[in-house]
Each structure stands twice: as structure tokens, then as C-alpha cells.
Protein chains: 2
Amino acid sequence: MDSFSCPLPITDYKTVILAHGSGGKLTHDLISKLFLERFKNPFLDVGHDGSVFAIGDARLAFTTDSFVVTPIFFPGGDIGKLAVNGTVNDLAMCGAKPLYLSCGFILEEGLPMEALWQVVLSMEEAANAAGVQLITGDTKVVDRGKADKLFINTSGIGVVETEQPIAPNRVQAGDRIILSSMIGDHGIAIMSVREGLTFESEIQSDTAPLNGLVAAMLGTGAEIHCLRDPTRGGLATSLNEIAQTAGVGIRIEEGKIAVRESVYGACEILGLDPLYVANEGVLVAFVAPTDTESVVAAMRQHPYGQNAVVIGEVVAEHSGTVLLKSSIGGTRVVDMLPGEQLPRIC
Amino acid sequence: MDSFSCPLPITDYKTVILAHGSGGKLTHDLISKLFLERFKNPFLDVGHDGSVFAIGDARLAFTTDSFVVTPIFFPGGDIGKLAVNGTVNDLAMCGAKPLYLSCGFILEEGLPMEALWQVVLSMEEAANAAGVQLITGDTKVVDRGKADKLFINTSGIGVVETEQPIAPNRVQAGDRIILSSMIGDHGIAIMSVREGLTFESEIQSDTAPLNGLVAAMLGTGAEIHCLRDPTRGGLATSLNEIAQTAGVGIRIEEGKIAVRESVYGACEILGLDPLYVANEGVLVAFVAPTDTESVVAAMRQHPYGQNAVVIGEVVAEHSGTVLLKSSIGGTRVVDMLPGEQLPRIC
């Protein structure tokens, strides 16, 4: 994989391929060349996990995510828990307090009712844990073979109480980059099930609601410029997105990024780079340098931020590019996920 | 089909069947016995097309719909136009002015890029026509054979400016029931394509944004108690939903309900009752008797309400039941759609 490889323009793909859903370059191409080409507006230009708009005296965040993960049950969670946490987290990344979720089910004829019931119970539990309410929904059924068990869309609304927006365009040179936790757990938990890999200790998805952690971070009063949960495409892709949107360079240190030993081992076996593996309970924060210590300290007090650590910084040079200083001292470009790595990971 | 037939409790279905997505009795059972059983809150109890909540000094409506219609292109529209109009209409039925939509695509590997582009163009056009903005989105791709070309979820946010809520529980005895247009066009347009039926004049889907019509109706200052767009399950199912939620009886006159001649003919061939066929550009309004004339007059000034007519009234008797006075003078119970009639109609 050449870091500087340039995929063909989307118009040269006559059909949709799996990599268009990977969260990497082809997903970005599809979105920018098809969707953003027509659905132009200032909200979408922000390039964030959700959009923030004002209504009356309130500012609200709005986001949507469809979940097509396979298998629908996996170590540490299921599609229902993922669907609630995923949208809760997208709202939290906008600095919003998540309030209300919608839920759209697409069910395949033949889905065992028991499986659906387990997913519903799981969504209820996840909604309670995150402190959100599912207030509107929709159910569709398609014929056998026209979907894969069930797909779930959740959209969410949250209230933004920060004075300044939390968005990529606020990221600036000097910002420190804080990673909340170890990376790679979710993607490897899914892939291990699919590939039939077993390890001494089972690798569990890290799926978790991050709104509590974000509230603790905002509670410090620190100058937090941007938040992002590195899901599809992993940490590498998220950092590239921010670097490109903000027009800044990013430098990170490999030695600071923690990966569970079993996850690292699985990555070796599967030929994956943990930097590109999806996470569902991890966030990366861009924070003003003087506030870094207080934010890290607050994060470490929270169950989902115990391993928070500064992994790098934002620089004015090499705009749009992420450089990684490896543990053995070299420096390399870390590009956005170029193609398909892990299809249907969320 | 016995109008008083009672489907087995959902727990006796071991798997999901197509009829669970028909919008009729089995859909209601699935929703009430699985989803509402766990996702209990006052918002869902309202039993409307969307939920209304207050934030700051504003009242907002929030709704979601997934679209799985097949074929994705049909006379009068496509899945993209339907996805925008469907959510716009659900917001309008809450008396809300639709503002913002989210858009979640699930794409099947192999979908021609050209088809996706046509859908995007269609969504842009529909959003412009309805005066809404698509402000957040998500794209997933699943392997060939695990979806059917593409599914779209749209969720929407609108602002409610009416003093009184517009919801089923405000419907009361004496209310007049106004139908905005002829029924059955959408369902028959889809079925005609699927079944390869041709008619002298092509039957087109009636898919349309109804927010302008609703604004005109609300502009009269009339006491409008409830609005509903009779989509899946048709007019009969919508009226039953309202009768049951509001705890009232409903009487309608067959002779007042207009059906296009070609639609009527197609229904005969296909063995369908137009009362159960989906509409995507029709609404039914429950209005205080003294205000009925002004509302009908306002509707007739609007392109989507030219054929507005009073089709019946709400009564205190036979709570939860809809009675139809047929053109030849008899009266019969019109039940909710008992099972599957038209799968994947929206």
C-alpha cells in the first residue's frame, strides 16, 4: 500500500464496491464526488460526525448512522448496542449532550424473533447507560436474501452547551492530541469471530457510550478544539480527515499508542495495521497545549479514559498529512485507509 | 379476511415474516410487543408519525423512516424522492415545519454508480421542492446479495409552531375527516411495474411533499386536531390507528372517497382493496366541525389538495372501530390491514 497512491476518480468505478464503505479514501471520494456535490450547504462543509444548528435559543447537534455489522452478536456487544453507542458518540464528538435517538429497523424475512428481542433488550440497556431516549422509530421487512438478518439506523439529537464549536476547523498548530484508550479492540473482536480465531483471553469490542467522558473533559473548562471517535478506517483515517479539513499537519508517536497484546497478535495473523482498525469506544481530542494536563487528568478519572495519553501534536507544516514517528526512530507518512480493510465492521 | 380476525401473539411467530412490515396489524403487534415493550416513554405513547419535544423555547418534531421500495425507480418517482418526501410528510403530520434531514445509505456491492447518482439528483430536487436541507449523512456498503441495490434512511427535524399539539389523542367526537386527494396511486404504480401491467395511461406514484399543503391548512387558524398520511396499510389502516389511539369511532362514506379509474381497474386485476393501498402524497385531517369549510377551501387552493373532500366524521360510539357506509347503502367494519398486502411499497 503506497501512502501516496491515488485511487481512480469515483466516476471510473461503474459500480459500488465494498471499499466504498470502508470509511477510507473511497468512502470519502464517494461522499465528496456524489453526495456533497449535490447536497451542498454550510452544515455539510464542516465535515464532522454530525451537524450543529441553532433553533430558538438552543444549539442542537444532529447525526445519523446505519449499522450493518456482521455477525450481529459478537464478543462485547451486538448490533443494537453498537447502534445506540455509535450515534451517542457522534453527538458527543460534536460536544453535544445526547438526548433523543430514532431507530429504523430493516429486518430480513426469517430473522429469528428471539434474535430481534435480544437486540431490543440490548438497545434498551445501552440507551439507559448513555442516558438517552429512543423516541421515534420505523420498521421495514424485506424478503429473504434481500438483507442480512437486520440493519439498524439510529439518528440522534443532542444539545450543544459549549460556547465555542467543537469541530475540525478549530484545530490549530500547537494543539496536543490526546488518545483516550487502547486501539483496535472492536475491529479485531469482529474479525476474530468471522475468521474463527481464538486467543487465550477473548478480545471484546470496546463499544461504549463516550458522552460521560466528554462531559468530564468539557467540565474542566479546557479549550477543546475537536473530538473524533476513530471508527471505520481507524485512528489513521480519523487523523487524516482532521488534518485535511483543518489544513494542518499532524505528528504522532507510535510508542505512545497502546495496543492490547492479543489485538496486536491478531493483527499480525490477519495482516492488519492497528492504526486502521475500527474502534467503538475510543476518542481522540485536540486540545490547547496549556490545557492538556487538566484534560488528561480528568479523562483518567473516567472508566473510558483511564489510559488517556498525549500521542502527538498539530503542526503548521505538511498540511493535510499525518506523520508517525516509529518506535525505532524513523518517520513515515500515515495515509488514510486506501481501500477495503474490514468490511461491515459497524 | 375476517374483519374481526385476531392474529396470533407476536411471540407465536418464531421468525419475522413479510407481513410484519406491511404497516398493518402484524406491524403494530411487532412494534407494541417488542419495541414499545422495552422503549417505554411518553413520546412513544403518543403513537404518531414523529415525536415532539421541547428544547429551550422551541418545540421540535423528530421522525425517522427507512425506505426499501422495489423497484428503486418507478413511474412518478424513485426511492430518493420517496425518502425525502416521506420524512418531510411525517414531520408535516406533526404540524411541524420540516427543516433538516439526515440521510443514511445502505448500498449493495455492484450497484451501478449511475443509479446512485440518479437517486442523489432526485433527492436534491425533492429537498429543494420541500424546502429542507440534508445536513448529515452516512454511507455503508454490504456484500452482493446482502441488500437489494440500495436502502435509504431519512430522519428529520422540524419546528412546531402550532399552539396545540396535532396528534391522535386530540381527535374527538364531532370532528370531520377530510381526505386531501384520490387514493391508491402510489401502491398501484409500484405494483403495476412489478407485475408488468400496462394501462392506457400510466399510473404514477403520487409521492409529494405535503408540508406546503399543511402550512396552508394551519394558516386558516382552524382547529386541526390530527393529521396523518395514509402510507403503508392505506387509508383503512391509518383511520384504524387513529380510532384506536384516540379511543373514538370513525364513520366514512365510500362514495366520497375518490379512486382514479385506472387505479380501480388495477386493484380489480390484482385483487386489492384501494382502502389498503399505500399513498405517498395524500393526507387525512381531523378538524373541528365549525372549521371544516375553511380548511377544505384552503386545501383546494393548493396543488396537492385540489380534490379535498369531507369523507366522514368521528363519533363517540364503537370506540376503536372504523365503519364504512358503502355506495349501495350497507355499512361494514373496515379493519386494519390484517396481513401482508404489498411488501416493500416504500
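## Exercises on a two-chain predicted model

The contact between the two chains takes 69 residues from chain B and 69 residues from chain A; two residues count as in contact if their C-beta atoms, placed from the backbone, lie within 7 Å. This is a predicted model, in which local features need pLDDT of at least 70, side-chain atom pairs count only at pLDDT 80 or more, and totals for chains, interfaces and linings use all residues. Residues are numbered from 1 along each chain as its sequence is written, while chains are lettered from A and ligands numbered from 1 in the order in which they are written.

### Exercise 1: the contact between the chains

Find which element gives the largest share of the side of chain B that touches chain A, and sort the residues of that side by class.

Step 1. Helices (H or I, at least four residues) and strands (E, at least two) are DSSP runs, numbered from the N terminus. Among the elements of chain B that each supply at least two residues to this side are helix H1 (25-38), helix H4 (113-130) and strand S6 (133-142).

Step 2. The largest share, ten residues, comes from S6(B).

Step 3. For the classes, Ala, Val, Leu, Ile, Met, Phe, Trp, Tyr, Cys and Pro count as nonpolar, Asp, Glu, Lys and Arg as charged, and the others, Gly among them, as polar. This side of chain B divides into 36 nonpolar, 21 polar and twelve charged residues.

### Exercise 2: the symmetry

Work out which turn lays chain B on chain A.

Step 1. Superpose the copies by least squares on the C-alpha atoms of residues with pLDDT of at least 70 in both. A turn of 180° with a shift of 0.0 Å along the axis lays chain B on chain A, with an RMSD of 0.0 Å.

Step 2. That is the relation of a two-fold axis.

Step 3. The same surface serves both copies, as 100% of the contact residues of chain B recur in chain A.

Step 4. In chain B, B:Ala147 comes closest to the rotation axis, with its C-alpha at 2.1 Å.

### Exercise 3: two domains in chain A

Describe how the domains of chain A meet.

Step 1. Domain 1 (41-160) and domain 2 (168-333) divide chain A; the bounds come from an automatic or database domain assignment.

Step 2. Their C-alpha centres lie 22 Å apart, and the contact takes 23 residues from each of domain 1 and domain 2 of chain A.

Step 3. On the side of domain 1 that touches domain 2, helix H3 (79-93), strand S5 (96-108) and helix H4 (113-130) of chain A each supply at least two residues. H3(A) gives the largest share, eight residues.

Step 4. By class, that side has twelve nonpolar, eight polar and three charged residues.

### Exercise 4: the two faces of a helix

Tell which residues of helix H8 (residues 261-270) of chain B are buried, and why they share a side.

Step 1. A residue is buried if 20 or more other C-beta atoms lie within 10 Å of its own, exposed if 12 or fewer, and partly exposed in between. In H8(B), B:Val263, B:Ala266 and B:Cys267 are buried.

Step 2. They cover an arc of only 105° around the axis, which puts them on the same side of H8(B); the arc is that of the directions from the helix axis to the C-beta atoms.

Step 3. The buried residues of H8(B) pack against helix H5 (185-195) of chain B. The face turned away from the buried side carries the exposed residues B:Glu261 and B:Glu268.

Step 4. After H8(B) comes B:Gly271, whose phi is positive, near 70°.
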